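Q: Could you pick one part of this model and take a close look at it with me? I would enjoy a connected walk through the details, with the reasoning spelled out where there is some.

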Amino acid sequence: MCIATSPSKFARFIAAAALLLVSATALAQSRPDTENGRFALSPAGDGGVLRLDTKTGSVSNCMNSGAGWACYAVPDERAALDDEIGRLQAENEKLKAQLAEREGTVAGKNEEALPKSDSLKKPEPKVTEGERKIEIPLPSDRDMDRVMSFLERAWRRLIEMANRIQKDVSGGKI
């Protein structure tokens with residue numbers, strides 16, 4: 001059982017629990033077999049006492065207010081955790097049921113996968129007579145003419161640019 005509401009209460013609880021263990025051992029040795037007290041009391045630092053129910057294991061903090069003694073149960077974190085776990089499990093089941101309902105009612109849903117088509121994909125190479133030959137299509141004469149024309153224009157521009165730079169550096173004298 002872990003109590004962590006504030007550091008001072010926690011420290012008091014640890015001290016009281018240690019005192020309870022020591023006093024319970026002393027009481028067990030000095031108490032006759034016929035005496036069976038249900039509660040074990042231990043003084044707390046603020047003038048109150050901690051009360052341990054030996055049958056249920058619950059701990060209470062008892063204080064003397066002006067009107068008399070009042071005992072308040074010390075919060076048990078385990079019970080709070082169990083409550084939260086139960087709430088989350090119920091919520092999880094509810095959400096699973098909602099999801100199951102939605103899966104069957106989606107309009108226009110098609111269970112079959114759509115065929116993949118890529119318009120930019122190149123045709124696969126041809127395989128002939130069980131051999132693994134790859135045919136690579138060579139460029140046509142027209143394609144070669146276009147490439148050569150492009151390279152000639154790029155070369156001319158490069159030469160013209162080099163001539164302009166040379167004229168600028170030499171001051172226009174060539």
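**Asp 53 and the sheet around it**

A: Let's start with Asp 53, which counts as buried because its relative accessibility is 6%, and the cut-off for buried is under 20%. Please keep in mind that this is a predicted model.

What does Asp 53 pair with in a salt bridge? The partner is Arg 38, and the closest N and O atoms are 2.9 Å apart. Arg 38 sits in the loop between helix H1 (7-30) and E1, while Asp 53 belongs to strand E2 (residues 49-53), so this pair ties together parts that are 15 residues apart in sequence. The two ends have unlike surroundings: Arg 38 is partly exposed, with a relative accessible area of 37%, whereas Asp 53 is buried.

From Asp 53 we can step out to the sheet. Four strands make up an open sheet, ordered E1-E2-E3-E4, with antiparallel pairing. Strands E1 (39-43) and E4 (68-73) are at the edges; each has a single partner strand, so one side of each has no neighbour in the sheet. On average, neighbouring strands here are turned by 30 degrees against each other, direction ignored. As background, strands of a sheet pair through backbone hydrogen bonds, either parallel or antiparallel.

Now follow the order along to E3 and E4. These two strands form a hairpin, with two residues between them. Six bridges join strand E3 (residues 59-65) to E4, and the two run antiparallel. You can find the register from two pairs: Asn 61 has Tyr 72 as its bridge partner in E4, and Asn 64 stands opposite Trp 69 in E4.

Is Ser 60 of strand E3 buried or exposed? Ser 60 counts as buried, because its relative accessibility is 7%, again below the limit of 20%. Leaving out residues up to four places away in sequence, Ser 60 touches Val 49, Leu 50, Arg 51, Cys 71, Tyr 72, Ala 73 and Val 74. Tyr 72, one of these contacts, is also the bridge partner of Asn 61. Strand E4 offers a contrast to buried Ser 60: E4 is hardly covered, and the count of buried residues among its six residues is zero.

To put the salt bridge of Asp 53 in context, the count for the model comes to four salt bridges. In helix H2 (residues 77-104), Glu 91 and Arg 87 lie four residues apart, about one turn of the helix. Their side chains meet in a salt bridge at 3.2 Å, N to O. Both are partly exposed, Glu 91 at 37% relative accessibility and Arg 87 with a relative accessible area of 44%. Glu 84 joins in too, since Glu 84, Arg 87 and Glu 91 are linked in a network of salt bridges.

Helix H3 (residues 141-170) has a pair as well: Glu 152 and Arg 156 form a salt bridge whose closest N and O atoms are 3.9 Å apart. These two are four residues apart in H3, so about one helical turn separates them. Glu 152 is partly exposed at 43%, and Arg 156 is partly exposed at 49%. So the partners in H2 and H3 are partly exposed, whereas Asp 53, where we began, is buried.

Notes
Residues numbered from 1 in each chain as written. Predicted model: local features only at pLDDT ≥ 70, side-chain atom pairs only at ≥ 80, totals over all residues. Heavy atoms only, no water. Pairing = 2+ DSSP bridges. Axes fitted to C-alpha atoms, helices over the stretch in contact; angles between N-to-C directions. Buried < 20%, exposed > 50% of the residue type's maximum accessible area, 1.4 Å probe, protein only. Contact = heavy atoms within 4.5 Å.
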